Amino acid sequence: MISQFFVLSQRGDNIVFRDYRGDVPKGTTEIFFRKVKFWKEDGEEEAPPVFNVDGVNYFHVKIVGLLFVATTRANVSPSLIMELLQRIARVTKDYLGILSEESLRRNFVLVYELLDEVIDFGYVQTTSTEVLKSYIFNEPIVVDAARLPALGPASIFMQGSKRMPGTAVTKSVVANEPGGRKREEIFVDIIEKISVTFSSSVSTEPCLNGYILTSEIDGTIQMKSYLTGNPEIKLALNEDVTIGRGGSSAYGYNSAGSGTVILDDCNFHESVHLDNFDLDRTLSLVPSDGEFSVMNYRMTQEFKPPFRINALIEEAGSLKAEVIIKLRAEFPSSATANTILVQMPLPSYTSRVSFELEHGAVGQMADFKEANKRLEWSLKKIVGGAEHTLRAKLTFLQETHGNLTKEAGPVSMNFTIPMYNASRLQVKYLQIAKKSKTYNPYRWVRYVTQANSYVARM
């Protein structure tokens with residue numbers, strides 16, 4: 001049960017607001033934004049997703065730069081409300097095509113219509129895109145996809161010079177193509193988030209790699225269907241996929257054989273039928289409207305990390321030190337990583353940093369964030385097999401006393417690699433039940449690897 005729901009912009013502007021019960025005083029939007037913007041409690045720089053102010057519980061998630069917030073005085077499950085906020089954002093995106101401040105403002109009538117059907121007097125009714133189609137009658141006002149940020153979700157699916165269509169993230173489930181026709185197509189995205197921790201190098205040579213302490217992949221197979229009539233779909237994975245490390249899975253799936261892709265565990269959407277999964281790793285389902293996760297999986301099997309990070313910090317005289325960071329792309333040259341950001345905390349007594357980039361470096365930028373004593377190195381893109389180096393000279397306000405490696409680091413990294421996945425899980429084919437001999441919808445299968453926690457110790 002929630003009392004209010006609202007969406008705020010990054011500036012704190014109120015874009016959407018709905019008060020369902022009237023038991024929370026007005027002004028909660030301003031109270032919430034001030035609390036989040038100037039949060040300094042418990043030594044944390046950012047506000048937690050759930051907090052209480054004057055007896056009112058605030059729950060929020062940040063999605064594409066927008067703050068989705070719910071308030072209540074009741075003692076409700078935080079995970080339930082957080083999931084509700086995520087689903088409201090997903091349903092809104094399904095109907096608007098693009099989730100942004102402009103699309104919300106231009107489609108406010110449709111958004112309020114959705115909210116009134118999703119929640120009634122603070123209680124959730126449904127968050128199913130397909131069920132809501134029977135109750136939603138307003139047409140979305142299409143926002144030009146060209147206005148999306150250059151590195152937004154619609155532009156990351158590229159393979160060489162061929163750009164994969166970004167309509168899966170910019171198309172409404174209820175809007176038709178020009179002329180009233182509906183384009184028959186289906187999108188399947190394999191999205192993997194990688195967590196890797198490298199040990200510190202045992203040598204003072206920066207060229208030596210630290211070994212991998214921990215590695216994990218959290219993956220999901222996302223599907224978004226624009227097929228009329230909801231035909232049955234068969235999605236085949238690698239036949240060498242094994243579920244469960246001990247040869248048997250907690251879910252009861254047969255895992256005979258030693259597969260080269262070993263998933264620790266997984267779960268499936270309720271619409272997925274597993275009749276032939278043990279036999280040939282085929283999933284059968286009738287896709288619902290909107291975007292949903294066909295399968296979620298986790299893998300701790302050893303895999304080749306897409307990047308190697310080597311970092312070294314050493315004294316370079318009185319009140320001075322030098323940092324060397326090397327990145328080497330371990331993935332094939334056919335793939336390209338983009339939006340790479342390397343960060344490294346520096347000693348609190350660092351006063352100045354000068355940087356030395358590679359000769360002829362293009363699309364690279366290094367900066368010293370003095371407020372939180374952090375080095376940041378951003379690269380627009382890295383081609384597979386490439387290696388890049390950053391050198392930084394530090395100036396201190398006091399002597400280090402030989403504690404540099406304890407007071408600096410670890411080095412962390414964020415990146416996105418389209419059309420590449422580290423787990424080697426593949427969609428072998430996507431078969432759609434034919435309505436007629438001429439029925440041949442468009443099929444798009446795309447891969448994305450992102451950093452979840454990519455860390456190298458000093």
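At 25% relative accessibility, R328 counts as partly exposed, and this residue offers a convenient way into the structure, which is a predicted model. The side chain of R328 meets that of E387 in a salt bridge, with 3.9 Å from N to O. The two residues bring together distant parts of the chain, since R328 belongs to strand β20 (residues 320-329) and E387 to strand β25 (residues 387-396), 59 residues apart. E387 is partly exposed as well, with a relative accessible area of 39%.

This pair belongs to a wider set of charged contacts, for the count comes to 17 salt bridges. One of them joins E30 to R34, whose closest N and O atoms are 3.3 Å apart. Both residues sit in helix α1 (residues 28-37), and because they are four residues apart, about one helical turn separates them. The general geometry helps here: an α-helix has 3.6 residues a turn, so residues three or four places apart point the same way. E30 has 48% relative accessibility and therefore counts as partly exposed, the cut-off for exposed being over 50%. Another salt bridge is formed by K369 and D367, with 3.2 Å between the closest N and O atoms. Here K369 is partly exposed at 31% relative accessibility, and D367 is partly exposed at 34%. Salt bridges can also join up into a network, as seen for R11, D13, E101 and R105.

Helix α2 comes next. It covers residues 78-96, and its 19 residues should span 27 Å at 1.5 Å a residue; the end C-alpha atoms are indeed 27 Å apart, so the expected and computed spans agree. Several residues of α2 are buried, including I81, L84, L85 and I88. Further along the helix, the buried residues include the charged K93 and D94 together with Y95 and L96. After α2 comes G97, which has a positive phi, near 90°.

Turning to the interior, the largest nonpolar core has 75 residues, and F307, M344 and Y454 are those with the most contacts inside it. Strand β10 (residues 185-198) supplies the largest share of this core, six residues. A separate core of 33 residues lies apart from it, with I63, L85, L110 and I136 among its members. L85 is thus a link back to helix α2, where it is one of the buried residues. The surroundings of M344 can be described in some detail: leaving aside neighbours within four places in sequence, M344 is in contact with residues including I313, V323, I325, L375, V411 and M458. K373 and R374 are also among the contacts of M344.

The strands complete the picture. An open sheet is formed by four strands in the order β16-β17-β12-β27, with antiparallel pairing. Its edges are β16 (272-273) and β27 (427-432), each of which pairs on one side only. Strand β12 (residues 233-237) is joined to β27 by five bridges, and the two run antiparallel. Within this pairing, A236 has Y429 of β27 as its bridge partner.

Strand β15 (residues 265-268) shows an alternating pattern of side chains. C266 and F268 point to one face and are buried, whereas D265 and N267 point to the other and are not. Four bridges pair β15 with strand β18 (residues 290-299) in the antiparallel sense. Across this pairing, the buried C266 stands opposite Y297 in β18.

Methods
Residues numbered from 1 in each chain as written. Predicted model: local features only at pLDDT ≥ 70, side-chain atom pairs only at ≥ 80, totals over all residues. Heavy atoms only, no water. Salt bridge = Lys/Arg side-chain N within 4 Å of Asp/Glu carboxyl O. Buried < 20%, exposed > 50% of the residue type's maximum accessible area, 1.4 Å probe, protein only. Expected span 1.5 Å × (residues − 1). Core = buried A, V, L, I, M, F, W, Y, C linked by side-chain atoms within 4.5 Å. Contact = heavy atoms within 4.5 Å. Pairing = 2+ DSSP bridges.
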